[in-house]
There are 2 protein chains.
Amino acid sequence: MVVPPTTANPRPGGRSARIQNSVHAAVRTLLEEHDRAQLSVPQIAQLAGVTPSTIYRRWGDVHELLADVAVERLRPESAPEDTGSLHGDLTAWMEQFVEEMASPEGRAFTRDAVAFGGAGRPACQCAAYTREQLDTVLNRARDRGEVAPAGQTVVDHVVAPLMYRILFTAETPGLDDARALVDAVLERANAAQTTPTAGI
Amino acid sequence: MVVPPTTANPRPGGRSARIQNSVHAAVRTLLEEHDRAQLSVPQIAQLAGVTPSTIYRRWGDVHELLADVAVERLRPESAPEDTGSLHGDLTAWMEQFVEEMASPEGRAFTRDAVAFGGAGRPACQCAAYTREQLDTVLNRARDRGEVAPAGQTVVDHVVAPLMYRILFTAETPGLDDARALVDAVLERANAAQTTPTAGI
DNA sequence: GACCTAATGCAAAATGTTTGCATTAGACTG
DNA sequence: CAGTCTAATGCAAACATTTTGCATTAGGTC
């Protein structure tokens with residue numbers, strides 16, 4: 001195996017794209033019923049109507065294919081909703097995020113994305129999606145004149161704790177966890193603004 | 001495949017233990033030179049001096065074996081060092097933690113542990129190790145009469161942000177990142193103690 | 001419309017995985 | 001300490017998956 005091109009699609013218009021869609025669809029279908037552990041390339045190939053060797057050549061192995069499907073699945077479909085305030089926007093977005101990620105399917109897809117970390121691509125892509133959505137919310141707030149924490153701060157103290165629970169513990173974070181973390185980070189941002197350079 | 005017993009060892013005294021050690025050692029050896037992707041069970045079996053079927057029966061597949069090795073590798077070897085103060089203890093421990101986890105090998109082992117999440121065992125075990133070490137440090141501080149944040153708080157706001165960077169981004173968190181997060185969480189704990197029920 | 005490249009299908013070869021059965025290590029009992 | 005019993009291992013054959021060379025085809029380019 002050399003370097004499988006994965007998602008990058010040199011000929012997006014034609015057969016390659018059709019096959020990619022077909023294979024992705026087959027994987028999603030099979031995942032609904034079968035366990036991940038007993039998901040085979042020949043099986044996927046048959047449902048997708050392609051030869052196994054095609055899958056091996058394009059994706060390398062099942063895990064890279066799963067990671068590819070996971071990234072597609074975890075890509076946000078729309079911009080975060082505008083509720084009129086930072087607190088509202090962030091709460092709404094994080095609630096949706098947790099609901100999506102903490103579900104059994106979300107957890108599994110996230111693990112798929114993390115697991116194949118060769119060059120760190122799939123997981124990085126997911127983190128980039130998240131960061132993009134957050135920055136949209138935060139910039140919108142700044143445009144309104146609200147005080148907004150840095151994007152990195154929100155990732156560190158809201159997203160990261162939730163993802164840690166999802167990946168490393170058996171517990172399922174709930175909407176209330178998300179809300180509490182959002183409240184805390186915004187409270188701190190406001191406190192820091194009210195008392196600038198608090199330490200000196 | 002039914003339910004591979006994995007690490008649980010009904011007969012810890014004898015041959016089973018020898019074989020487990022031998023196989024683990026073989027995996028660690030092979031990982032030093034070969035890429036994870038081209039690591040095969042027959043190869044491991046040969047180096048360990050066992051039959052492939054033994055590995056399949058005990059571990060199920062390569063990934064579960066890798067996860068098993070990862071958990072062993074990520075198990076702390078000793079109690080956190082006592083530097084005389086919470087700030088010192090926590091800083092020292094987190095520095096060591098980051099150094100261990102952010103290295104290429106640490107990242108890879110962590111991914112292995114997270115990837116095989118069937119019942120969530122391997123990753124949970126790692127999180128439990130971390131929590132245990134943290135609680136040791138925090139309880140030690142409380143015994144000294146120091147103000148210490150809750151273990152969950154430290155996990156959420158120090159460990160989680162670091163792990164998020166390790167798993168989801170290309171960046172390598174440094175010792176300074178760890179120190180900054182520790183400083184911040186302790187500062188907040190002290191502030192909360194100084195001004196109890198700040199909100200009311 | 002003719003050419004050119006890269007992706008696909010096909011089939012054979014190589015490799016990896018599973019399984020039934022015999023054997024052995026080690027635990028337990030008296 | 002010997003006898004017995006259980007579960008783990010080895011072995012080898014059956015089975016499945018993965019790789020690879022070659023012919024073909026889709027689709028982009030001039």
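Helix 9 of chain B, which runs over residues 175-194, has 20 residues, and at 1.5 Å a residue these should span 28 Å; the C-alpha atoms at its ends are indeed 28 Å apart, so the expectation and the model agree. The model is a predicted one, and the points below look first at the surroundings of this helix, then at chain A, and finally at how the two chains are related.

**Helix 9 of chain B**
- Within helix 9 of chain B, the residues Ala178(B), Leu181(B), Val182(B) and Leu186(B) are buried.
- These buried residues cover an arc of only 125° around the axis, which means that they lie on the same side of helix 9 of chain B.
- Among the elements that cover the buried residues of helix 9 are helix 5 (86-102) and helix 8 (151-168), both of chain B.
- On the face of helix 9 that is turned away from its buried side, chain B carries the exposed residues Asp176(B) and Thr194(B).

**Chain A**
- The secondary structure of chain A consists of nine helices and zero strands, and its pattern along the sequence therefore reads α-α-α-α-α-α-α-α-α.- Of the 200 residues in chain A, 34% are buried.
- Among the contacts in chain A with a separation of 6 or more, 63% are between residues 24 or more positions apart.

**How the two chains are related**
- Chain A is superposed on chain B by a rotation of 180° with 0.0 Å of shift along its axis, and the RMSD is 0.1 Å.
- The two copies are thus related as by a two-fold rotation axis.
- Of the interface residues of chain A, 95% are also interface residues in chain B, so the copies meet through the same surface.

Definitions and conventions: Residues numbered from 1 in each chain as written. Chains lettered and ligands numbered in written order. Predicted model: local features only at pLDDT ≥ 70, side-chain atom pairs only at ≥ 80, totals over all residues. Helix = DSSP H or I, 4+ residues; strand = E, 2+ residues; numbered from the N terminus. Expected span 1.5 Å × (residues − 1). Buried ≥ 20, exposed ≤ 12 C-beta atoms within 10 Å, placed from the backbone. Arc of directions from axis to C-beta. Contact = placed C-beta atoms within 7 Å. Least-squares fit on C-alpha atoms with pLDDT ≥ 70 in both.
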